Amino acid sequence: MNTLILGATGGIGAATARALAAAGAKLTLSGRDEARLSALAAELGAASKVADVGYESHVKALFEGLENLETLVYAVGAALPEPLKDADPGRVRAVWNANYFGALWVLKHGLGRMNRGGRVYLLGARPELVTARGFSQYAASKAALARAAEIARLETRGVTVALVLPPAVDTGLWTQVGQAPKGAISPEDVARAIAADRAGTGETELRVSG
């Protein structure tokens with residue numbers, strides 16, 4: 001099962017890489033942190049390609065030479081919370097590049113390389129959980145991602161585009177605001193849900209529970 005995971009050095013990305021590797025997937029991993037990416041690739045016997053999804057050219061190059069893809073996981077994400085009155089252009093761009101534009105370039109350049117019956121997993125966010133002070137750009141970018149996924153389904157035949165909607169997940173993202181909320185699930189919980197869905201019939205909306 002040829003699989004590409006973007007954001008593979010993050011909590012959910014790394015956990016998903018391990019879960020799919022255990023299920024027999026042939027992995028190509030991507031991320032910005034070359035040292036962590038190389039270490040994970042060596043652990044799992046995977047190929048790796050460094051890329052910054054904020055640049056369409058990086059994403060386009062990432063897909064060169066990758067054919068017959070069966071699974072694509074977009075696990076890149078950023079929050080960088082701040083009040084609207086303090087919105088910093090650089091931080092806003094970073095959030096949108098990670099949560100929306102990177103996924104857009106992945107859909108643009110990746111869908112045409114997917115085998116029929118392939119699955120694309122996009123890490124989304126439940127609106128009721130991210131409508132909070134300081135999270136305007138995170139919430140807005142994840143909402144844009146959800147709408148783009150809907151359109152991708154209309155424009156694509158033979159490939160399932162799934163939006164993964166976990167509750168709060170205990171990853172490094174929460175260090176930006178202190179600590180993960182009580183009851184947050186683990187990255188491994190999300191990874192297991194993705195792996196189970198990939199082994200099954202496939203859902204377009206994958207609501208993950210602990």
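User: Starting with Arg 119: buried or exposed?
Analyst: Arg 119 is buried, because its relative accessible area is 7%, and the cut-off for buried is under 20%. Keep in mind that this is a predicted model.

User: Okay, and where does Arg 119 sit?
Analyst: Arg 119 is part of strand E5, which covers residues 114-123.

User: Which backbone oxygen does the side chain of Arg 119 reach at 2.8 Å?
Analyst: That would be the backbone oxygen of Asp 197. The Arg 119 side chain also reaches the backbone oxygen of Thr 201, at 3.2 Å.

User: What else is Arg 119 in contact with, leaving aside neighbours within four places in sequence?
Analyst: There's a list for that. Among the contacts of Arg 119 are Glu 70, Thr 71 and Leu 72, then Val 159 and Thr 160, plus Arg 198, Gly 200 and Gly 202. Asp 197 and Thr 201 are on the list too.

User: Leu 72 caught my eye. What does Leu 72 touch, not counting residues up to four places away?
Analyst: Leu 72 touches Leu 4, Leu 6, Phe 63, Val 106, Met 114, Arg 119, Val 120 and Tyr 121.

User: So which residues of the largest nonpolar core touch the most other members?
Analyst: Leu 72 is one of them, along with Leu 4, Leu 6, Tyr 74, Val 120 and Leu 122. The core has 33 residues.

User: Which elements give two or more residues to this core?
Analyst: On the strand side, E1 (2-6), E4 (69-74), E5 and E6 do. On the helix side, H3 (56-63), H4 (89-110) and H6 do. The largest share comes from H4, with eight residues.

User: How many residues are in the second, separate core?
Analyst: That second core has 30 residues, including Leu 27, Leu 29, Leu 40 and Ile 185.

User: Switching to empty space. How many cavities of 30 Å³ or more does the structure hold?
Analyst: The structure holds one. The largest cavity has a volume of about 60 Å³.

User: What lines the largest cavity?
Analyst: Going along the chain, the lining has Ala 79, Leu 80, Glu 82, Pro 83, Leu 84 and Ala 87, then Arg 91, Val 92 and Val 95, and lastly Gly 134, Ser 136 and Gln 137. By class, that lining divides into seven nonpolar, three polar and two charged residues. H4 and H6 each supply at least two of the lining residues, and H4 has the largest share with three.

User: Leu 80 is on that list. Where is Leu 80 placed?
Analyst: Leu 80 is in the loop between E4 and H4. Leu 80 counts as partly exposed because its relative accessibility is 23%. Phi of Leu 80 is near 45°, which is a positive value in a residue other than glycine.

User: What sign does phi have in most residues other than glycine?
Analyst: Most of them have a negative phi. Asn 68 also goes the other way here: its phi is positive, about 55°, and it is not a glycine.

User: Where is Asn 68 found?
Analyst: Asn 68 is in the loop between H3 and E4. With a relative accessibility of 45%, Asn 68 counts as partly exposed.

User: Back to open space. How much space lies in the second largest pocket?
Analyst: About 230 Å³ lies in that pocket. The pocket is lined by 16 residues, and the closest to its centre are Ala 125, Pro 127, Ala 146, Arg 147 and Leu 163.

User: Which elements each supply at least two residues of the lining of the second largest pocket?
Analyst: Helices H5 (127-130) and H6 (136-155) do, and so do strands E6 (159-165) and E7 (205-207). H6 brings the largest share, seven residues. By class, the pocket lining has eight nonpolar, six charged and two polar residues.

User: Last one, Thr 9: buried or exposed?
Analyst: Thr 9 counts as buried, because its relative accessibility is 15%. Thr 9 is placed in the loop between E1 and helix H1 (11-22). Not counting residues up to four places away in sequence, Thr 9 touches Asp 33, Arg 36 and Leu 37.

User: And how many Å separate the C-alpha atoms of Thr 9 and Leu 165?
Analyst: Those atoms are separated by 20 Å, with the two residues 156 residues apart along the chain.

Terms used. Residues are numbered from 1 along each chain as its sequence is written. This is a predicted model: local features need pLDDT of at least 70, side-chain atom pairs count only at pLDDT 80 or more; totals for chains, interfaces and linings use all residues. Side-chain values use heavy atoms; hydrogens and water are left out. Helices (H or I, at least four residues) and strands (E, at least two) are DSSP runs, numbered from the N terminus. Buried means under 20% relative accessible area, exposed over 50%, partly exposed in between (1.4 Å probe, protein chains only). A polar contact is a pair of N or O atoms within 3.5 Å; within protein, one must be able to donate a hydrogen and the other to accept it, and residues adjacent in sequence count only if both atoms are side-chain atoms. Contact means heavy atoms within 4.5 Å. On a 1 Å grid over the protein atoms alone, a cavity is a set of points where a 1.4 Å probe fits but cannot get out, and a pocket is an open set with protein on both sides within 12 Å along at least five of seven lines; lining residues have an atom within 4 Å of a point. Grid points are joined across faces, edges and corners, and a volume is the space filled by probe spheres set on the points. Ala, Val, Leu, Ile, Met, Phe, Trp, Tyr, Cys and Pro count as nonpolar, Asp, Glu, Lys and Arg as charged, and the others, Gly among them, as polar. A nonpolar core is a set of buried Ala, Val, Leu, Ile, Met, Phe, Trp, Tyr and Cys residues joined through side-chain atoms within 4.5 Å.
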